[in-house]
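Let's take a walk through a protein fold, starting with the whole thing and then zooming in on its sheets and a few of its helices. Keep the picture open while you read.

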Amino acid sequence: MDPLSDMVALLRPSAAVSKPISGRGRWAVHYDAHDAPGFTIILSGKAWLTLDGEEPLRLADGDFLLLPTTPAFTLGSEPHIAGTPVTPHTEAVRHGDPDGAPDFMALGGSFTFERVNSPLLLSLLPEHIHIPASEGRSTRFGRLIDLLAEECATDYPGKELIIRRMLEALLVEALRWRSLGSEAVPAGLLSGMQDPAIARTLQAIHANVRASWTVAELANIAGMSRSAFSARFGEVLGCAPIEYLMRWRMAIAKDALARGDKTLDRIAEEIGYESASAFSTAFRKRLGCPPGKFARVAA
């Protein structure tokens, strides 16, 4: 698979919570940072989202926002309003004036990711991914948004299941959104996939994680000198090429150990170690515990 598909496969995302959010008049609420990746789809009206320490971001009808790590934020009808502290919950919420038709409606909630590797993999993503309706409406992403909004407005049997599956599809679409190339994406996997030379090396690594890659071989695939490639890879991915390879190998190993369906010999062979002993030594050096203990704790 390609690098993004590999990452999503290890994350195993699912829509944990989705709930209607509405508001009327002047209002603002503030959420503390929490672990669950969050999302918001604006169904009608507009609102302003402000991540702590950043400028307000305008969200309008049809926009999609993904917060891979959900930092503290304020959501309100206007920018620069002090938000009332609230805590996430699973029930529908109404902000502002409780009477009358809402002038703002959204679907918000959170995803669950496989816990063993989520800290590493989420660190490869930007702090937030915002896809305005103006960019998404004419694409498959926009059609998914429309279908999701239509489903939210019905009471058909199986509604909750359909919404969950659509949200999972939207997550993958958001992660591979092409317009991210026009934004300032921090060092990480999405940034690497936007750089043609670095993307070729990522494809090679993920296509054959067992190979004993050298920096020279990867630089040749990128069509760059070794020194230029190393510098560029570090700038774009935030780590050295071989360090990225080792992190990815350990991510695959942790996932396999947590599942408990493969022997150490099989895991070692699949990620490029000559023996279970060599793999165990490398795993202990990086994770601080032997594979067996990790498997027992993660089970």
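One thing to keep in mind from the start: this is a predicted model. Strand β1 is a handy place to begin, and S22 stands opposite R94 in β9. That pair belongs to a ladder of 4 bridges joining β1, which covers residues 14–24, to β9, and the two strands run parallel.

**The big picture**

Step back for a moment. The protein has 13 helices and 11 strands. Its C-alpha trace spans about 70 × 45 × 35 Å along the principal axes. Of its 299 residues, 49% count as buried. What about contacts between residues at least 6 apart in sequence? Here 73% join residues at least 24 apart.

**Two sheets**

A quick bit of background helps here. Strands of a sheet pair through backbone hydrogen bonds, and they can do so either parallel or antiparallel.

β1 and β9 are part of an open sheet of 6 strands, in the order β9-β1-β10-β3-β6-β11, with mixed pairing. Its edge strands are β9 (93–96) and β11 (129–131), each of which pairs on one side only. From one strand to the next, the twist in this sheet averages 20°.

Now for the other sheet. It is open too, with 5 strands in the order β5-β4-β7-β2-β8, and the pairing is again mixed. At its edges sit β5 (57–60) and β8 (84–86), each pairing on one side only. The twist averages 30° from one strand to the next. Inside this sheet, β4 (residues 46–51) and β7 (residues 73–76) run antiparallel and are joined by 4 bridges. If you want a pair to click on, try L49, whose bridge partner in β7 is L75.

Have a look at the edge strand β8 as well, where you'll find P85. Is P85 buried or exposed? With a relative accessible area of 69%, P85 is exposed, because anything over 50% counts as exposed. P85 also makes a nice ruler: P85 and G62 are 23 residues apart in sequence, and their C-alpha atoms are 26 Å apart in space.

**Helices on the 6-strand sheet**

Which helices should you look for against the sheet that holds β1? One is α4 (residues 140–152), which packs on the sheet and touches β3 (38–44), β6 (64–67), β10 (104–112) and β11. The direction of α4 makes about 75° with that of β3. Another is α5 (residues 159–175), which lies across β1, β3, β6, β10 and β11 and runs at about 95° to β1.

**Helices with a buried side**

Next, scroll along to α8 and α9. Before you look at their side chains, remember that an α-helix has 3.6 residues a turn, so residues three or four places apart point the same way.

Helix α9 (residues 226–237) is 12 residues long and reaches 16 Å from its first C-alpha to its last, close to the 16 Å expected at 1.5 Å a residue. Its buried residues are F229, F233, V236 and L237. They cover an arc of only 80° around the axis, which puts them on the same side of α9. On the other side, S227 and E235 are exposed.

In α8, the residues V215, L218, A219 and A222 are buried. Seen down the axis, the buried residues of α8 fall within an arc of 105°, so they line one face of the helix.

What covers these buried residues, and what comes right after each helix? The table puts the two helices side by side.

| Helix | Cover of the buried residues includes | Residue just after, with its positive phi |
|---|---|---|
| α8 | α7, α9 and α10 | G223, near 75° |
| α9 | α6 (189–194), α7 (196–207), α8 (215–222) and α10 (241–259) | G238, about 85° |

**How α7 meets α9**

Two packed helices are described by the angle between their axes and the distance between the axes. The axes of α7 and α9 come within 10 Å and cross at roughly 85°. That makes α7 roughly perpendicular to α9. On the α7 side, the contact is made by I198, T201 and L202, and on the α9 side by F229, R232, F233, V236 and L237. You've already met some of these: F229, F233, V236 and L237 are the buried residues of α9.

Definitions and conventions: Residues are numbered from 1 along each chain as its sequence is written. Side-chain values use heavy atoms; hydrogens and water are left out. Two strands pair if DSSP finds at least two bridges between them. Axes are lines fitted to C-alpha atoms, for helices over the stretch in contact, and angles run from 0 to 180 degrees between N-to-C directions. Contact means heavy atoms within 4.5 Å. The expected span of a helix is 1.5 Å times one less than its number of residues. Buried means under 20% relative accessible area, exposed over 50%, partly exposed in between (1.4 Å probe, protein chains only). The arc is that of the directions from the helix axis to the C-beta atoms. Angles under 35 degrees count as roughly parallel, over 145 as roughly antiparallel, 65 to 115 as roughly perpendicular and the rest as oblique.
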